Amino acid sequence: MSNRFFNRIKSDFHFRIKVFLCFSFIFNVGYAIFLLVVGKLISSNWFYVMALYNFLLFIARVFVFLRTSDKKTEKQKVKTMRFCGYFLFLINLAVSVMMFLLVNNNQGARYHEIIVITIATYTFSSLSLAIINSVKHFKQSNHVYLCAKLISLISASVSMVTLTSTMLATWGKDNVALRNVILPILCGFVALFIISCAIFMIVKANLDLRTLEYEKERK
């Protein structure tokens, strides 16, 4: 039974994407709950915002998963991309609030090493998988799968901000100047990356919808 499952993962691209999406649900929710618990223990608004952000990503991933069905038309898949683009703008609002709290909070608390290690493990694992999947399946033209890849990259990039903030608060607490330089630059870069991804998805979806309508009229 297990051999059949792994063989299908290797040979069936669509099944592999669905399995990875299911795993991302589990890690996404687990990480969000972890952040929520940490925020409760240390009374940190920063971790509350991050938990909310990850729950929003969970909703986006569930929506994408439901649209991976082969029964969905090409037009429905393109509209999925456009919806995700608009949704990313809403997510960016949550990220912007998070970054505002982060950059303006110079008195960062020192976190336990277990918290830092957990965040680092999640961040580097998610970033590595997101990059590998994006490069490996770069030529895939499926709009729904492209949404899943971009959401994974965005999730990893924001987690990188969390990791940087936590590490600076834990091991660089005495160097406030370094914190005030690195964090605004990183936060600005991540915010621009999210906005760029959202604009790309919306513009591409609108162009592809026009192409589909044009081809339909020609028939």
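A pocket, as used here, is an open set of grid points where a 1.4 Å probe fits, with protein on both sides within 12 Å along at least five of seven lines, and its lining residues have an atom within 4 Å of a point. Keep in mind that everything below comes from a predicted model.

**Figure 1. Who lines the largest pocket.** Helices H2, H5 and H6 each put at least two residues into the lining of the largest pocket. The space inside comes to about 520 Å³. There are 20 lining residues, and Phe-20, Ser-24, Leu-129, Asn-133 and Ser-152 are the ones closest to the pocket's centre. Chemically, the lining is a mix: 10 nonpolar residues, eight polar and two charged.

**Figure 2. The largest nonpolar core.** This view takes in the 53 residues of the largest nonpolar core. If you want to know where its contacts pile up, look at Tyr-53, Val-64, Val-95, Met-98 and Val-158, which have the most contacts inside the core. Two or more core residues come from each of these elements: H2 (13-42), H3 (45-66), H4 (74-103), H5 (113-136), H6 (143-171) and H7 (176-218). The top contributor is H6, which hands over 12 residues. As a bit of background, nonpolar side chains in soluble globular proteins tend to be buried together.

**Figure 3. Zooming in on Tyr-53.** Here we pick out one of the core residues with the most contacts, Tyr-53. Skip its neighbours within four places in sequence, and Tyr-53 is in contact with Ile-91, Val-95, Ile-154, Ser-155 and Val-158.

**Figure 4. Val-95 and its neighbour Ser-96.** Val-95 sits in helix H4 and has a relative accessible area of 1%, so it counts as buried. Leaving out residues up to four places away in sequence, Val-95 touches Tyr-53, Val-158 and Ile-194. Follow the chain for 95 residues and you reach Val-190, whose C-alpha lies 9.1 Å from that of Val-95. Ser-96 is also in helix H4, but Ser-96 is partly exposed, at 34% relative accessibility. Ser-96 has a distant sequence partner of its own: Gly-188 is 92 residues away along the chain, with 9.2 Å from C-alpha to C-alpha.

**Figure 5. Phe-63, Phe-83 and Phe-87.** The whole structure holds four aromatic pairs. One of them is Phe-63 with Phe-83, a tilted pair with ring centres 4.6 Å apart and 50 degrees between the planes. Phe-63 belongs to helix H3 and Phe-83 to helix H4, so this pair ties together parts that lie 20 residues apart in sequence. Both rings are partly exposed, Phe-63 at 24% relative accessibility and Phe-83 at 43%. Phe-83 also pairs with Phe-87: the ring centres are 6.2 Å apart and the planes meet at 15 degrees, so this pair is stacked, the cut-off being under 30 degrees. Phe-83 and Phe-87 are four residues apart in helix H4, or about one helical turn. Phe-87 is the buried member of that pair, with a relative accessible area of 14%, which falls under the 20% limit for buried.

**Figure 6. A cluster of three rings.** Which residues form one aromatic cluster here? They are Tyr-31, Phe-34 and Tyr-122.

Technical notes: Residues are numbered from 1 along each chain as its sequence is written. This is a predicted model: local features need pLDDT of at least 70, side-chain atom pairs count only at pLDDT 80 or more; totals for chains, interfaces and linings use all residues. Side-chain values use heavy atoms; hydrogens and water are left out. A nonpolar core is a set of buried Ala, Val, Leu, Ile, Met, Phe, Trp, Tyr and Cys residues joined through side-chain atoms within 4.5 Å. Buried means under 20% relative accessible area, exposed over 50%, partly exposed in between (1.4 Å probe, protein chains only). Contact means heavy atoms within 4.5 Å. On a 1 Å grid over the protein atoms alone, a cavity is a set of points where a 1.4 Å probe fits but cannot get out, and a pocket is an open set with protein on both sides within 12 Å along at least five of seven lines; lining residues have an atom within 4 Å of a point. Grid points are joined across faces, edges and corners, and a volume is the space filled by probe spheres set on the points. Ala, Val, Leu, Ile, Met, Phe, Trp, Tyr, Cys and Pro count as nonpolar, Asp, Glu, Lys and Arg as charged, and the others, Gly among them, as polar. Rings of Phe, Tyr and Trp (its six-membered ring) pair if their centres lie within 6.5 Å; planes under 30 degrees apart count as stacked, over 60 as edge-to-face and the rest as tilted.
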